[in-house]
Amino acid sequence: MWLLLGTLLLPFANLQTLIPLTAWVAPVFLMRFSRSQRPLTGLLVLTVAMSLALLAGLRNGFFPVEDGVGYYLFVAMLGLGGALPFAVDRLLAPRLTGLPRTLVFPAAVTTADFIGTISSAYGAAGSTAYSQYAGLPLLQLASVTGIWGLTFLVSWLAPVVNELWERGLEGSRHRSPSVVFAATLAAALVFGGAQLAFATPAADTVRVAALAPDRQLSDLAYSAPPLTPGDPAERAAVRDEYFRPVLDELFERSEREAEAGAEIIAWSEAAALTLEEEQSAVVARAADLAREHGVYLQVSMMVQLADAGDGSDGAAVNENHAVLMDPRGTVVWDYLKSKPVPGDGHDPGPGIVPTVDTPYGRLATIICQDDFFPGLVRQAGRAGVDILLVPSSDWRSISAWHAQQAPFRAVENGVALVRPTRQGISLATDAQGRLLGHKADYFTAADQTLVVSVPTQGTGTWYARMGDTVAFASAVGLLVLTRAAWNSRSRRRDGGAAPAATGSDQAERPAPLDGVATR
């Protein structure tokens, strides 16, 4: 019953159709199941449960890949990764007592999330912390601990509840974990509430226009036939028929927004397609517009390389650029996307977040999936950036999920965030994650311009200075708990006293470890 309840809640705890409370509750039931099973049995069953939940969460083409053996193996590996913290808890927690017994699982989940972030091509995408996107007071914790404190806190509830479930409230030793957890959660909520209450804007705002391309023209551009290397006539014909209409429309709208008073104009990721041999002409056109109207203009374009093949050999076929012009028409930066989505056809850039001082605060930019990598974006926080431009491009099934994660980078680094998005949700937030603008009608509305007033002064954060300290502390803490559990097992094996058990301990003790009775 507990396995079924937890599994039914899992699809709502991550990915699509997020219900924040389920991320807290589902692990409670799954842990109740895993602690009643032998370790290997629990690991295998939970891997299947996690995989089924992932298949539900990945429905409707969430990842644009074809079903096949490789896809299901990928899902199974993710399911195994989700089940491992329960297996670690099952092995270590019965050998510990009191507060340490409840810390094994959140330390394991946080460590697994962190390892996934630094080893995966998708970074922190799908982290447990993102399930809490809707709770602004709790979200403020990210300004101190990054997402790792949220992941730890959400995961901590399951062992605390199971501790009460198994042992009751007899004696202060059994009450202390729940008291410590409740006090920590209350402190996080009070801190977040105070930050929202007292962190009022202390600077003027600047008018920013975030442009996504016209949907029909963009679809036309991306339906262009493959280009033949070394055929200038064919490439020019494709440019004129497919690429130029969307580019002209973007420049017309940019000029209109500049005339309407926008001081910063930013295009979405890959808003325009252009040829490598035309790239300098596009930049020159953008520079003329910026100089004529005295604005900062960032144009984002997918540049089709002149000598590229069809990509079947794994070589790059395009480059993903975000180019910022200042009011003098000078190129401030030409940023290449640092963390491309596998299969996008371009090589990663150098991974250096550019910044520039302006009358409207210090600006910086990243591109789309770069925001899945907190360590990369933390460069902006350390540099004292005030406004972070995040041109993005999604597809319908991931649009809400991705947009929910972007504000975490704003809170972590104390920056206002502007996210113009092709095929997705354009939004802007302040440094505390409050929505300043939100446009979720890409697939229905004709106009794809979000105009928003953005604070010109950010705030310093502990996370920008301390980095992933909480994640490293969780990993070290897990090693310490493993050592303590091993020492406890060695003492029992050598005839030492086992941790004292109350009547409820005996009634609720999990199945014997390794097939050996421990009473």
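Me: A helix here is a DSSP run of H or I with at least four residues, numbered from the N terminus. With that in mind, what does glycine 414 do just after α14?
Reply: In this predicted model, glycine 414 takes a positive phi of about 65° right after α14 ends.

Me: What makes helix α14 largely enclosed by the rest of the structure?
Reply: Buried means under 20% relative accessible area. Of the 15 residues in α14 (residues 399–413), 14 are buried, so the rest of the structure largely encloses this helix.

Me: Why are α2 and α8 called oblique to each other?
Reply: Their packing angle is about 45°, with the axes 8 Å apart. Angles under 35 degrees would count as roughly parallel, and 65 to 115 as roughly perpendicular. An angle of about 45° fits neither range, so the pair is oblique. The crossing of α2 and α8 is also right-handed.

Me: Which residues make that contact?
Reply: From α2 they include Trp24, Pro27 and Phe29, and from α8 they include Leu153, Leu157 and Trp165. By class, the contact has 13 nonpolar, 1 polar and 2 charged residues.

Me: How do you know whether threonine 274 is buried or exposed?
Reply: Compare its value with the cut-off: buried means under 20%, exposed over 50%. Threonine 274 has 5% relative accessibility, so this residue counts as buried.

Me: Where is threonine 274, and what does it touch?
Reply: You will find threonine 274 in strand β3 (residues 272–275). Leaving aside residues up to four places away in sequence, threonine 274 touches Phe243, Gln279, Val282, Met301, Met302, Val303 and Gln304.

Technical notes: Residues are numbered from 1 along each chain as its sequence is written. This is a predicted model: local features need pLDDT of at least 70, side-chain atom pairs count only at pLDDT 80 or more; totals for chains, interfaces and linings use all residues. Side-chain values use heavy atoms; hydrogens and water are left out. Axes are lines fitted to C-alpha atoms, for helices over the stretch in contact, and angles run from 0 to 180 degrees between N-to-C directions. Helices (H or I, at least four residues) and strands (E, at least two) are DSSP runs, numbered from the N terminus. Angles under 35 degrees count as roughly parallel, over 145 as roughly antiparallel, 65 to 115 as roughly perpendicular and the rest as oblique. A crossing is left-handed if the near helix is turned anticlockwise from the far one by less than a right angle, and right-handed if clockwise. Contact means heavy atoms within 4.5 Å. Ala, Val, Leu, Ile, Met, Phe, Trp, Tyr, Cys and Pro count as nonpolar, Asp, Glu, Lys and Arg as charged, and the others, Gly among them, as polar. Buried means under 20% relative accessible area, exposed over 50%, partly exposed in between (1.4 Å probe, protein chains only).
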